[in-house]
Amino acid sequence: MNASPTRIEWLAVALRWGLGAWMVGMGLVKGLDPVAFLKAVRQYELVSSAWMLNAVAIWVPWLEVFCGLLLLAGVAVRGTAWLLVSMLVPFTLLVWRHALMLQNNLQIPFCAVRFDCGCGLGEVYICPKLAENLLLTLAAAWLGWSGKGQRLALRYELLGGNVPAECRTTATGHGT
Amino acid sequence: MPQSIRVTSVVHEARRRAASVLAEAGMVLLTGLLFGWLANAVSPRGLQWTRDYFPWLKVEPVSPAPALETSDAPPEDAAEAQAIARVQARGFIAWNFGRAAEAFEDPRRLTGQVIWVDARPEVQYRRGHIPGASHFDPYRPEQQLLEVLALCLRADQVVVYCSGGQCEDAELAAHLLQQAGVPRERLVIYVGGFGEWVQRGQPVASADSSGKVQQPSLQP
């Protein structure tokens with residue numbers, strides 16, 4: 001890619017805002033209807049005890065909202081991005097495993113499997129869902145790895161603060 | 001600078017950055033968990049931490065399972081057959097559409113001897129429900145339990161339904177009603193649920209924001 005640092009920086013800001021808005025939106029859908037999310041989590045047979053199931057159903061949506069807000073504001077971007085990766089990867093594997101199980105039970109093509117994965121969008125086809133999760137994971141991993149996307153960040157530009165050395169760009173002099 | 005010192009410095013710097021990011025992620029996680037705890041505590045729809053929302057998982061199937069009471073044909077598709085098998089495995093009587101429609105025409109419905117219980121979320125109930133059905137949310141039973149229980153104890157038959165298909169909320173509601181004292185043999189599950197009811201062009205009533213039931217109407 002032959003883009004200038006500034007263009008990459010703006011791309012990172014767009015990714016940060018896009019990912020943040022997506023997380024806030026999906027988190028709120030789940031957080032405001034926790035019973036529906038509780039039922040969705042239960043289908044994965046992830047935990048056996050009631051309180052652990054409840055804890056997952058209570059914490060995950062609001063953690064997504066919180067991470068989304070941090071990304072939108074530009075606070076703790078790298079830590080938040082890696083935290084999202086650590087949530088997205090196991091969740092995607094769970095969705096994949098459940099889809100394989102449904103495919104096996106229903107004897108239909110993998111991409112024809114459709115179920116409510118608890119993602120906040122109701123029933124979805126598995127292939128677009130996996131592609132979406134892959135993109136979200138890649139976006140979060142890139143933000144976490146590059147440390148970019150700190151333009152218009154509350155922490156560095158709007159309130160001031162020390163920009164980490166690894167996040168500085170020489171071309172603009174702005175924190176990245 | 002010698003090569004070895006430069007490599008050591010780069011490795012040290014990489015470790016420092018990784019530790020910094022890890023610490024940041026840990027802080028975000030802890031703060032996020034606190035945020036989640038607070039949000040759940042203030043939300044009117046918040047979950048209870050220790051409550052078992054699916055107690056019927058522990059219910060052993062009654063042997064022999066009650067037979068399907070149908071007025072017409074056997075299950076129409078695999079999904080219905082699956083739902084019927086699930087309901088029977090949990091020890092409840094399963095009704096298909098034909099039997100449910102008969103019960104709806106039964107004049108005893110008007111005297112409260114046959115009552116209908118809608119186990120779907122309140123928003124869906126307000127949008128539309130089977131006329132005369134009482135709302136009972138099995139995930140928040142404390143809200144309507146006493147009212148619904150009084151009706152159920154007076155009735156000869158209690159028909160419980162949810163959305164149909166894979167929805168298990170009707171079974172959960174029936175289980176809670178049974179735990180509250182309604183004899184199991186009076187409880188039946190309409191497995192097709194509200195989805196099938198509407199699809200078959202049956203009458204539907206809706207409730208406004210005050211809970212007042214509107215006139216039944218036919219919906220496609």
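The following exchange discusses a predicted model and the terms used to describe it.

Modeller: Local features here need pLDDT of at least 70, side-chain atom pairs count only at pLDDT 80 or more, and totals for chains, interfaces and linings use all residues. Residues are numbered from 1 along each chain as its sequence is written, while chains are lettered from A and ligands numbered from 1 in the order in which they are written.

Colleague: What makes up the secondary structure of chain A?

Modeller: Chain A has six helices and two strands, where helices (H or I, at least four residues) and strands (E, at least two) are DSSP runs numbered from the N terminus. Their order from that end is α-α-α-α-β-β-α-α.

Colleague: Why is V158(B) said to touch L177(B)?

Modeller: Two residues are in contact if their C-beta atoms, placed from the backbone, lie within 7 Å. V158(B) therefore meets this criterion with L177(B). Among its other partners are I115(B) and V117(B), with residues up to four places away in sequence not counted.

Colleague: Why is the set that includes W95(B) called a nonpolar core?

Modeller: Such a core is a set of buried Ala, Val, Leu, Ile, Met, Phe, Trp, Tyr and Cys residues joined through C-beta atoms within 7 Å; buried means that 20 or more other C-beta atoms lie within 10 Å of a residue's own. The largest core has 40 residues, and W95(B) is one of those touching the most other members. Helix α6 (residues 169–179) of chain B gives the most to this core, six residues. A second, separate core of 34 residues includes L15(A) and A25(B).

Methods
A residue is buried if 20 or more other C-beta atoms lie within 10 Å of its own, exposed if 12 or fewer, and partly exposed in between; C-beta atoms are placed from the backbone.
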